[in-house]
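Trainee: Could you take a close look at one part of this model with me? I'd like to start with the second largest pocket and then see what surrounds the rest of the story.

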Amino acid sequence: MTDPGSAPGGAPPVVSPIADLTYRHYDGPLNSRAFRFWIVALVGIRQVMRKWWFWLLVLGSVWPYGLIGFFFFLESRLGDDLPRTFLNAAPGAKYSTAFFQAFDWQMFWLMVIGLSVGAASIAADNKTNALQVYLAKPITKTDYLLGKWMGVFSVVFAAALLPALLLYTYCLLSFWSNGFLRQEPWLIFKILGASASAAAGFASLFIGVSAWSRSPMMAGAFSAGMYFASGIVATILWAALYGRSSASTDITNAVLVQHASIGGVLKALVWNIYDVTVRMPTPGRMFMPTDVRAPSLGFVLVAYLAIVIGGLVAARLRIRAVEVVTG
Amino acid sequence: MPVASARDLIVKYGTKTAIGGLSVDIPEGSVGLLGPNGAGKTTLIKTWLGFLRPHSGSAQVLGHNAATEGLQIRQRIGLMPEQDCHIPGMNAVTYVAYTGELAGMPGNHALRRAHEVLEYCGLGEARYRQIETYSTGMRQRIKLAQALVHGPRLLLLDEPTNGLDPEGRNEMLRLIRDISRAKGINVIVCSHLLPDVEETCDQVVVIRDGMLVTEGTVQQLRQMAGLHMDVELREPSEAFIAAMERRGARVVSTLGSKCRLALPQTVEDPGQAVFSAALDTGAQVRALKPALRSLEDVFMEAVQ
C-alpha cells in the first residue's frame, strides 16, 4: 500500500517548500520552559541592534579603550619620552589602572546605552498593553522580568566588555614578552567582573523605573534625572563637607561621599574590583592630584545591592497579571 | 468533559467578593459567557487563567487546577484580550512568531505557523507591516492570530468584535464560527453584543453578581415558557385569529400576515389546532413553528 505522502517509485516523501495556509492544530515540538526568559531577552536585543543610533552609542563606548590602546602603542614606540601618565602606575597595577581609567571614561556611554535600552523596555510594553500578551502565554512574571533585565544587561555588558577584550587581546599579543600576564594574571577576571557589575547595576535601575511608567520618554527622563541628580548632590555634598579641609585630613570619607550617587556607587565598585590607586584632585590639597584608594568595599557593596535589588523589586511589584483582562 | 468549570468558587479582591459561590460547567464547543458589567465574567476568566487564587472552591480548565497549574493551562489556551494590545516595534509576522516562541514553539516552527495563522486570519497581505500602522479591524485580527498560533484547545475571546465596522464584524464572526465548528477548537466568547453570541455560540452561560443565573443551548434558552407558536398566513385573516381565540388561544403580536399565538396548556397538538382553524376559515398557512425569543430578551429576563 502506498503512503499518500510518498513520491512515486518509493522515493522519500516530497515536502512542499510552501506552507499549507489552512489553519490546523499545532502538534509539533515544544521547547522546555526553563529558558523561556531568554526569548524575551533576545527580542529586546534584536530590536535595539536594528537602531542606527545604538551603534553610535557603541562607538562612544569604544573610544576610551581605543585611546588607552593608542597610549600603549605610543609608549611601546617612544618609551621614556612619553610624559608621566596613568601608564606609570604602581608596579603590578599598570594595566589594571589603565583599564579602570578607560572604564571611567566609558561609563557615561554605558549609562546612555542602558538608558536607551532599559527605560523603554517595560514602559513601551505598558504603553501598548503588551503585558496582556506576555502573561497570557505560559511564562511567569519572573520569566518576563528576567527576560527584560537580561535584554538590557546583555547589551550593556557586551558594550562594556567587547572593547575591553579587544584592548586586552592587543596587550596580550604586544606585551607578552614584557610580562603582561605575569604581572597581572587576574586582569581578565577583573574586566569581566567590572563589565558585569556595571551592566547589572544599570539594567536593574532602568528596568525598575521603566516598569512604573507607561511612557518610554518619561521613564528615560526620570531615570536620567535620577542618575544625574544623585551625582550633582554627591558632588555638592563632597565640596561642602570637605572643600575646606586641610592637607592633613584623611580623605577616605571624602572619597566615599564623592561616590554617594548612582554612578558613583557603580564606579566605586568597579574601582574595588580593579583594586588600584588613582591620582585625582582632592579638596584640602588645592585640588592637586593625590593618590587615592577606592572607597570602602563594604559601604559600596551595600549601596550597589540596594540599587540592584531595589530596581528588581520595584519592577516585580509593578508587573501584575491581574490587569490582564479588564472590563 | 467540560472544558472549564467552577465548583463553589469564591473569589475576592481584598474584602470585596467578586464571585460568590459559582458552580458552572462550560461544555465543549462555542459558549457565550454573558452578564452585565460587574457580573464577574472577567474575574472568572482571570481565575481560569491562573492569575487569581480562589478564596475557596475550585476552578478547572481542560482538567488542570487553575489555582496551581496556571502555566499548563496557559500552554493550552489562547486569550484574545478586550483591550488593544501588541508588542511594540514589530511587524505582524515577527510578532505572531514571537508569541508562538513564548508558548514554547521552536523558532522555525513558530515562524511557519505565524505565516499560516496570519493568512487564516486574513492578514496575509499585511504581514510585513508594522502593527502600529494597522487599522482597528486588523488589530482585532492580529489579537486573534497571536491567540491561535500555538494551537490552543480553548480560545477565550473577550469582546472580539469591539470597534469593528459591520463588514469587519461579520468577518470576525465568520472566523470564530469556523474556528469552533470547522477547526474543532473550543471557544468561550465574552461579549456584550448579544447578536454576536447568538451568531457564534451553541451554548450560553449567564452570570450575575458572581452567581450562575441560567445556562443552556441558545435554542433552549430562546424557547418561550408555555406554548407559543409563530404562524405565517398567505394573507392577514381576522377570521383565522377569531377561530384561534375560540380555541382558547391568545394573540401575543401580529405583524402583517404573521402572528404569535399563546396556546393554552390543554392543547395537546398545537399544529392540529392551527390547521383546523385555517381549514374552518379558509386561511392558508405558509409557516408554523414554535415561537422563539431573542437572546437579548433571555438576557434581560435573566439579569433583571
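Mentor: Happy to! In this predicted model, the helix that gives the largest share of the lining of the second largest pocket is α8(A), with six residues. Helix α8 spans 216-242, and α3 and α10 (262-274) of chain A join it in supplying at least two residues each to that lining. The space inside comes to about 340 Å³. In total, 16 residues line the second largest pocket, and the closest to its centre are Tyr227(A), Gly231(A), Ser261(A), Gly263(A) and Gly264(A). By residue class, the lining of this pocket splits into seven nonpolar, seven polar and two charged. If you read that split, keep in mind that Gly is counted among the polar residues.

Helix α3 is a good thread to follow from here, so to speak. Besides its part in the lining just described, α3 of chain A also gives two or more residues to the lining of the largest pocket, as do α1 and α5 (141-174). That pocket has a volume of about 430 Å³. Its lining counts 23 residues, and those closest to the centre are Gln47(A), Val117(A), Ala120(A), Ser121(A) and Ala124(A). Here the largest share, seven residues, comes from α1(A). The lining of the largest pocket divides into 13 nonpolar, seven polar and three charged residues.

Two of the helices around the largest pocket are also linked by charge. Asp125(A) and Lys148(A) form a salt bridge, with their closest N and O atoms 3.0 Å apart. Because Asp125(A) sits in helix α3 and Lys148(A) in helix α5 of chain A, the pair ties together parts that are 23 residues apart in sequence. Over all chains, the structure holds 16 salt bridges.

What is the count of salt bridges between chain A and chain B? That count is zero. There are, however, 14 residue pairs in polar contact between the two chains, with both residues at pLDDT 80 or more. On the side of chain A that touches chain B, the elements that give two or more residues are α1 (36-49), α3 (94-127) and α4 (130-135). This side of chain A is made up of 21 nonpolar, ten polar and seven charged residues. Taken as a whole, the interface brings 38 residues of chain A into contact with 46 residues of chain B. The area buried between the chains is about 4,100 Å², and carbon and sulfur atoms give 60% of it.

To come back to your starting point: α3 of chain A contributes to the lining of the second largest pocket, to the lining of the largest pocket and to the side that touches chain B.

Note on methods. Residues are numbered from 1 along each chain as its sequence is written. Chains are lettered from A and ligands numbered from 1 in the order in which they are written. This is a predicted model: local features need pLDDT of at least 70, side-chain atom pairs count only at pLDDT 80 or more; totals for chains, interfaces and linings use all residues. Side-chain values use heavy atoms; hydrogens and water are left out. Contact means heavy atoms within 4.5 Å. Buried area is the accessible area (1.4 Å probe) that two parts lose on being put together, summed over both. A salt bridge is a side-chain nitrogen of Lys or Arg within 4 Å of a carboxyl oxygen of Asp or Glu. A polar contact is a pair of N or O atoms within 3.5 Å; within protein, one must be able to donate a hydrogen and the other to accept it, and residues adjacent in sequence count only if both atoms are side-chain atoms. Helices (H or I, at least four residues) and strands (E, at least two) are DSSP runs, numbered from the N terminus. On a 1 Å grid over the protein atoms alone, a cavity is a set of points where a 1.4 Å probe fits but cannot get out, and a pocket is an open set with protein on both sides within 12 Å along at least five of seven lines; lining residues have an atom within 4 Å of a point. Grid points are joined across faces, edges and corners, and a volume is the space filled by probe spheres set on the points.
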